[in-house]
Amino acid sequence: MLFGKKKRTVTPYDRERLAPVIRSSICSGEQVAGFRDRKTGKFTETALLRGQKDLEEFLETYAIDPADVKKEY
């Protein structure tokens with residue numbers, strides 16, 4: 001297969017140091033999932049959320065409870 005689906009690399013997720021966050025644009029509605037460093041506040045983007053399926057995949061990949069995810073605008 002010439003143009004197959006790429007395998008995603010999973011970045012390590014340290015629950016003590018990183019907080020799961022969904023960033024949402026007010027203008028376009030685009031959503032990005034990632035992790036915010038609790039100490040420095042730096043955001044690291046890990047996935048573009050185009051629909052509910054992408055969100056579920058993000059939560060499953062990192063074993064995150066949906067209640068733990070914060071949403072930022």
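Which residues is D54 in contact with, leaving aside its neighbours within four places in sequence? I began my notebook with this residue, and I note at once that I am reading a predicted model.

**Entry 1: D54.** I found D54 in helix α1, and, with its neighbours within four places in sequence left aside, I listed L48 and L49 as its contacts. I then asked whether D54 should be called buried or exposed. The cut-off for buried is under 20% relative accessible area, and D54 counts as buried because its relative accessibility is 18%.

**Entry 2: the chain as a whole.** Stepping back, I counted one helix and four strands in the chain, and I wrote down their order from the N terminus as β-β-β-α-β. The chain has 73 residues, of which 29% are buried. I also looked up the exposed surface, which comes to about 6000 Å², with 52% of it supplied by carbon and sulfur atoms. For contacts between residues at least 6 apart in sequence, I noted that 35% join residues at least 24 apart.

**Entry 3: the sheet.** I followed the four strands next and found that they form an open sheet, with the order β3-β2-β1-β4 and mixed pairing. The edges are taken by β3 and β4 (residues 70–72), each of which has a single partner strand, so one side of each is left without a neighbour in the sheet. Ignoring direction, I read an average turn of 30 degrees between neighbouring strands of this sheet.

**Entry 4: β2 and β3.** I looked at this pair in detail and saw that β2 and β3 run antiparallel to each other, paired over six bridges. Q31 has L49 of β3 as its bridge partner, while V32 stands opposite L48 in β3. In the hairpin that these two strands make, five residues lie between the strands, and G41 takes a positive phi near 85 degrees.

**Entry 5: helix α1.** Which residues of α1 are buried? In this helix, which spans residues 52–61, I listed D54, F58 and L59 as the buried residues. They lie on the same side of α1 because the arc they cover around the axis is only 135 degrees. As a general point I reminded myself that an α-helix has 3.6 residues a turn, so residues three or four places apart point the same way. On the face turned away from the buried side of α1 I found the exposed residues Q52, K53 and E60.

I then asked what covers the buried residues of α1, and my list includes β2 (31–37) and β3 (43–49). The helix α1 lies across β1, β2 and β3, and I read an angle of about 135 degrees between α1 and β3. After α1 comes A63, and I recorded a positive phi near 55 degrees for A63.

**Entry 6: the core.** Finally I looked up the largest nonpolar core, which has 12 residues, among them Y13, I22, A33, A47, F58, L59 and I64. Two or more residues are given to this core by each of β1 (18–24), β2, β3 and α1. I picked out I64 from the core and, not counting residues up to four places away in sequence, found that I64 touches Y13, P20, F35, F58, L59 and V69. F58 and L59, which I64 touches, had already appeared in my list of the buried residues of α1. I also noted that L49, a contact of D54, belongs to this core.

Terms used. Residues are numbered from 1 along each chain as its sequence is written. This is a predicted model: local features need pLDDT of at least 70, side-chain atom pairs count only at pLDDT 80 or more; totals for chains, interfaces and linings use all residues. Side-chain values use heavy atoms; hydrogens and water are left out. Buried means under 20% relative accessible area, exposed over 50%, partly exposed in between (1.4 Å probe, protein chains only). The arc is that of the directions from the helix axis to the C-beta atoms. Contact means heavy atoms within 4.5 Å. A nonpolar core is a set of buried Ala, Val, Leu, Ile, Met, Phe, Trp, Tyr and Cys residues joined through side-chain atoms within 4.5 Å. Accessible areas come from the Shrake-Rupley method with a 1.4 Å probe; for residues, only the protein chains shown count as cover. Two strands pair if DSSP finds at least two bridges between them. Axes are lines fitted to C-alpha atoms, for helices over the stretch in contact, and angles run from 0 to 180 degrees between N-to-C directions.
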